[in-house]
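The following exercises concern the reading of a protein structure, and each is followed by a worked solution. Please attempt each task before reading its solution.

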Amino acid sequence: MQVRFVGCGDAFGSGGRFNTCFHVSSENVNFLIDCGASSLPALKQQDIARDDIDLVLITHFHGDHFAGLPFLLLDAQFTRRTRPLVIAGPDGIETRLTQAMEVMFEHSSKTEQRFDLSVVVLKPDETRAFGAVNVTPFPVVHGASGGPFLAYRIEAEGRVVAYSADTEWTETLIPAARDADLFIAEAYYYDRIVKNHLSLKTLEAHLPEIKPKRLILTHMSDDMLARLDRLGYMAASDGMVVEL
Ligand SMILES: [Zn+2]
Ligand SMILES: [Zn+2]
């Protein structure tokens, strides 16, 4: 199974990085985790066949994780996609998606697609199967607007990929990522404690409880990007691929 960091940036384009979008693929699975505003250009830049993607998992409704969907859907329509597509995310996703489409491309939410589009609500702690992909959402803590906020524990082909999403430290990250083959964790700041985001030093203090087999840091601010060569942890970069 391959995990590609199509985009690992924050909402401000820190370091010139694309917004959050991870592509997970193998013989039997093909899905995205998040689809930020700049994710369609990033997918095209990295030659990723959008037609092969069966599922998009959305962690929350901030534009750097969600606002790429109207572009992705318009592109699918104009390139005559026929393969069904499932978009799954927190409660409210149907309304949010319609709103985003209408704000960005008026009337686009009413266009009848040539492909089967399903929008699915994921509830915390309820595992859902999408083909060979099992997804368990965990509630995380990321402020008063743009939620609900979900971290994901995703199991496919006997591998576990966990993604913290954007969150301050919360105990739910332990079951979400425990013993995962890959834990993709936000590390917004190095040691500064702020509300709604995770710092590397806070995460580090909890790693003995989480024990991920592999940890890759993402969604880094300029504060973290300036320290990339001396973090002591693997950090994501746009286009980076890991094999699991
Ligand atoms: Zn974000
Ligand atoms: Zn966010």
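The model shown here is predicted.

**Exercise 1. A helix packed on strands**

Task: State which strands helix H4 lies across, and at about what angle it runs to E6.

Solution.
Step 1. Helix H4 lies across E5 and E6.
Step 2. Its direction is at about 130° to E6.
Step 3. Helix H3, residues 69–78, may be treated in the same manner: it lies across E4, E5 and E6 and runs at about 170° to E5.
Step 4. The chain that follows H4 (93–104) forms a loop before strand E6 (117–121), and Ser108 is found in this loop.
Step 5. Ser108 has a relative accessibility of 8%; the cut-off for buried is under 20%, and Ser108 therefore counts as buried.
Step 6. With neighbours within four places in sequence left aside, Ser108 is in contact with Leu74, Met101 and Glu102.

**Exercise 2. The sheet containing E6**

Task: Determine the order of the strands in the open sheet that contains E6, and identify its edge strands.

Solution.
Step 1. The sheet has seven strands in the order E6-E5-E4-E3-E2-E1-E14, and the pairing is mixed.
Step 2. E6 and strand E14 (240–243) are the edge strands, since each pairs on one side only.
Step 3. On average, neighbouring strands of this sheet are turned by 20° against each other, direction ignored.
Step 4. Consider one pair in detail: strand E5 (residues 85–89) and E6 run parallel and are joined by five bridges.
Step 5. Gly89 stands opposite Val121 in E6.

**Exercise 3. The second sheet**

Task: Describe the open sheet that runs from E7 to E13, and explain why one side of each edge strand is left without a neighbour in the sheet.

Solution.
Step 1. This sheet is also made of seven strands, in the order E7-E8-E9-E10-E11-E12-E13, with mixed pairing.
Step 2. Strand E7 (128–130) and strand E13 (234–235) are at the edges; each has a single partner strand, so one side of each has no neighbour in the sheet.
Step 3. Within the sheet, strand E9 (residues 150–156) pairs with E10 in the antiparallel sense, over five bridges.
Step 4. Glu155 stands opposite Val160 in E10.

**Exercise 4. The site of ligand 1**

Task: Identify the residues that coordinate the zinc ion (ligand 1), and explain why the arrangement is irregular.

Solution.
Step 1. The zinc ion (ligand 1) is coordinated at 2.1 Å by Asp64 (OD), His65 (NE2), Asp166 (OD) and His219 (NE2).
Step 2. The four donor atoms subtend angles of 86 to 164°. A tetrahedral site requires all angles to lie between 85 and 135 degrees. The arrangement around the zinc ion (ligand 1) is irregular because of its angles.
Step 3. The donor residues are spaced D-H-x100-D-x52-H in sequence.
Step 4. His65 lies in helix H2 and Asp166 in the loop between E10 and H5, so this pair ties together parts 101 residues apart in sequence.
Step 5. His65 counts as buried, at 0% relative accessibility.

**Exercise 5. The site of ligand 2**

Task: Identify the donors of the zinc ion (ligand 2), and state which residue bridges it to the zinc ion (ligand 1).

Solution.
Step 1. His60 (NE2), His62 (ND1), His142 (NE2) and Asp166 (OD) coordinate the zinc ion (ligand 2), at 2.1 to 2.4 Å.
Step 2. The angles among these four donor atoms are 90 to 173°, and the site is irregular.
Step 3. Asp166 bridges the two zinc ions, which lie 3.4 Å apart.
Step 4. His62 lies in the loop between strand E4 (55–57) and helix H2 (63–66), and Asp166 in the loop between strand E10 (159–163) and helix H5 (173–177); the pair therefore ties together parts that are 104 residues apart in sequence.
Step 5. Asp166 is buried, with a relative accessible area of 2%, whereas His62 is partly exposed at 23%.

**Exercise 6. Backbone angles**

Task: Describe the peptide bond from Gly147 to Pro148, and state the phi values of Asp179 and Asn196.

Solution.
Step 1. As a general rule, most residues other than glycine have a negative phi, and most peptide bonds are trans.
Step 2. The bond from Gly147 to Pro148 is cis, with omega near 0°. Pro148 is found in the loop between strand E8 (133–139) and E9.
Step 3. Asp179 has a positive phi, near 60°, and is found in the loop between H5 and strand E11 (182–186).
Step 4. Asn196 has a positive phi of about 75° and lies in the loop between E11 and helix H6 (200–210).
Step 5. Asp179 counts as partly exposed at 37% relative accessibility, and Asn196 is partly exposed at 22%.

Note on methods
Residues numbered from 1 in each chain as written. Chains lettered and ligands numbered in written order. Predicted model: local features only at pLDDT ≥ 70, side-chain atom pairs only at ≥ 80, totals over all residues. Heavy atoms only, no water. Donors = N, O, S within 2.8 Å, 3.2 Å for Na, K, Ca; no water. Tetrahedral: all angles 85-135°; square planar, octahedral: opposite > 155°, others 65-115°. Helix = DSSP H or I, 4+ residues; strand = E, 2+ residues; numbered from the N terminus. Buried < 20%, exposed > 50% of the residue type's maximum accessible area, 1.4 Å probe, protein only. Contact = heavy atoms within 4.5 Å. Pairing = 2+ DSSP bridges. Axes fitted to C-alpha atoms, helices over the stretch in contact; angles between N-to-C directions.
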